[in-house]
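Student: Could we go through this structure together? I'd like to know what stands behind the labels people put on it.

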Amino acid sequence: MRDKILVVDDMQTNRQTLIDILQDAYVVLEASNGMEALKTVEEQLGEIAAIFLDINMPEMNGITFLKSMNEKNYLGAFPVLVVSSEQSVEQIAECFEYGASDYIRKPVNTEFVKQRLDKLLSLYEQRNDYKEKAYKQNLALRKQYRLLKQQAIQLKKNQENIINILGTVVEYRNLEGRMHTTRVKGFTKILGIYMMKLYPEYGLTGDKIKAIASAAVLHDIGKVMLSDAVLLKPGKLTPEEFEYVKSHSVKGYDIVESIADMLEDDYVQYCKEVVRWHHEKYDGSGYPDGLQKEEIPISAQLVSISDCFESLLSESVYKGAIPFEEAYNMILQGECGMFSYKLLECFRKAKNDLEKYAKQVEKSMEETSIPTETEI
């Protein structure tokens with residue numbers, strides 16, 4: 001049980017001030033510098049609920065302490081609140097860079113300290129609950145994927161059954177459940193219909209749009225191949241770890257390749273395009289192949305903007321859901337990367353249909369009707 005608070009400050013009077021505030025609700029531990037604090041953390045890691053940390057201390061200061069905590073992967077299970085009179089913006093920013101959760105300026109206010117601590121502990125409890133949920137869902141995901149491979153030879157059935165199985169796998173990976181893949185599929189279909197009407201040069205038809213929308217649910221299937229240690233990491237990813245996560249598009253492509261003989265040729269092509277290239281950007285800044293402009297298949301372009309937009313609308317453990325209007329403007333203003341002017345024109349004209357569909361899914365949590373060509 002995490003019921004201990006560690007107060008780290010080289011001044012006894014400063015430590016006593018925090019002890020007086022906290023001791024009625026917690027067991028309070030003390031350390032006069034970072035070295036002592038690090039030893040205490042190593043001895044009582046599973047019992048510490050939070051750390052109050054000064055910056056300027058002898059032997060090991062607060063920033064060096066945070067760096068050491070990062071190197072030992074101790075951060076993430078509990079918050080670290082920096083309590084200091086330090087005025088340097090650079091030093092304060094460095095504390096946040098290495099994992100501090102909050103900054104409180106000395107002299108401290110009793111009620112403010114209690115409020116900030118309660119809020120952070122609530123947030124970390126929620127985040128740890130999400131992490132546990134993610135772990136359980138990942139076990140189920142891997143079981144589903146192993147079952148899929150074992151039964152692949154028997155899955156000579158219709159295309160829809162295969163996509164339902166793979167769609168379930170993708171949904172298990174998503175902490176928010178069905179809503180993400182459902183809305184990405186729906187947004188893709190809506191935008192595809194507008195693209196078909198406004199830009200017939202892409203050769204889209206009702207059947208092609210339906211196939212692309214179905215393929216959209218597989219866009220993140222490659223994440224089943226990623227390590228839990230990186231995918232479920234609570235802290236900031238290193239550049240190397242981020243590059244590793246980006247590999248999910250190629251890994252997903254390989255998965256589609258492995259089941260290609262069970263799908264129709266045209267449908268296989270859409271799945272490959274969506275899975276491999278849904279993170280490509282119109283200006284060539286995306287991955288994995290750095291495609292640009294019309295080198296990016298229209299299927300991948302449709303899923304890319306739908307995925308970005310839905311991610312903005314969705315709540316996660318790391319951020320709240322962004323309101324529809326704000327998310328809509330972020331896409332148009334290029335805050336999520338560059339899309340073609342044709343795609344953005346479809347996005348503008350489809351605003352009402354996208355908003356209506358988003359609300360329908362949020363209300364029912366079931367896939368609802370999407371406008372047909374004749375309704376636009």
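Tutor: What follows is a set of questions about those labels, asked of a predicted model.

Student: Let's start with the sheet. What is the strand order, and how are the strands paired?

Tutor: The order is S2-S1-S3-S4-S5, in an open sheet of 5 strands with parallel pairing.

Student: What makes S2 and S5 edge strands?

Tutor: Count partners. Strand S2 (27-31) and strand S5 (102-105) each have a single partner strand, so one side of each has no neighbour in the sheet. As for twist, neighbouring strands are turned by 20 degrees against each other on average, direction ignored.

Student: How do you know that S4 and S5 really pair?

Tutor: Pairing takes at least two bridges between the strands. Strand S4 (residues 80-84) is joined to S5 by 4 bridges, and the two run parallel, so by that rule they pair. One bridge to look at is the one between Leu81 and its partner in S5, Asp102.

Student: Which helix lies across S3 and S4?

Tutor: That's H3 (residues 62-71), which runs at about 150 degrees to S3 (48-53).

Student: On to helix packing. Why are H7 and H13 called oblique?

Tutor: Set the angle against the cut-offs. Helix H7 (residues 179-198) and helix H13 (residues 298-313) pack at about 130 degrees, with axes 8 Å apart. Roughly perpendicular covers 65 to 115 and roughly antiparallel needs over 145. An angle of about 130 degrees fits neither class, so the pair is oblique. Their crossing is right-handed.

Student: Which residues make that contact?

Tutor: On the H7 side they include Phe187, Leu191 and Met195, and on the H13 side they include Leu302, Ile305 and Phe309. By class, the contact has 11 nonpolar, 5 polar and 3 charged residues.

Student: What makes Glu310 and Arg183 a salt bridge?

Tutor: The cut-off is 4 Å from side-chain nitrogen to carboxyl oxygen. Here the N to O distance is 2.7 Å, so the pair qualifies. Glu310 sits in H13 and Arg183 in H7, so the bridge ties together parts that are 127 residues apart in sequence. The count by this rule is 17 salt bridges.

Student: Why are H8 and H12 called oblique?

Tutor: Try the cut-offs again. The axes of H8 (residues 206-216) and H12 (residues 265-277) cross at roughly 50 degrees and come within 9 Å. Roughly parallel means under 35, and roughly perpendicular starts at 65. With roughly 50 degrees between the axes, H8 is therefore oblique to H12. This crossing is right-handed.

Student: What is that contact made of?

Tutor: H8 brings Lys208, Ala211, Ile212, Ser214, Ala215 and Ala216, while H12 brings Tyr267, Tyr270, Cys271 and Val274. They divide into 8 nonpolar, 1 polar and 1 charged.

Student: How do you know that the bond before Pro107 is cis?

Tutor: Look at omega: it is about -5 degrees for the cis peptide bond joining Lys106 and Pro107. Pro107 lies in the loop between S5 and helix H5 (110-150). The bond from Tyr287 to Pro288 is cis as well, with omega near 10 degrees, and Pro288 is in the loop between H12 and H13.

Student: Where is Lys293, and what does it touch?

Tutor: Lys293 is in the loop between H12 and H13. Leaving out residues up to four places away in sequence, Lys293 touches Tyr282 and Gln301.

Student: What is notable about phi of Glu59?

Tutor: It is near 70 degrees, a positive value in a residue other than glycine. Glu59 lies in the loop between S3 and H3.

Notes
Residues numbered from 1 in each chain as written. Predicted model: local features only at pLDDT ≥ 70, side-chain atom pairs only at ≥ 80, totals over all residues. Heavy atoms only, no water. Axes fitted to C-alpha atoms, helices over the stretch in contact; angles between N-to-C directions. Contact = heavy atoms within 4.5 Å. Left-handed = near helix turned anticlockwise from the far one by under 90°. Nonpolar A, V, L, I, M, F, W, Y, C, P; charged D, E, K, R; others polar.
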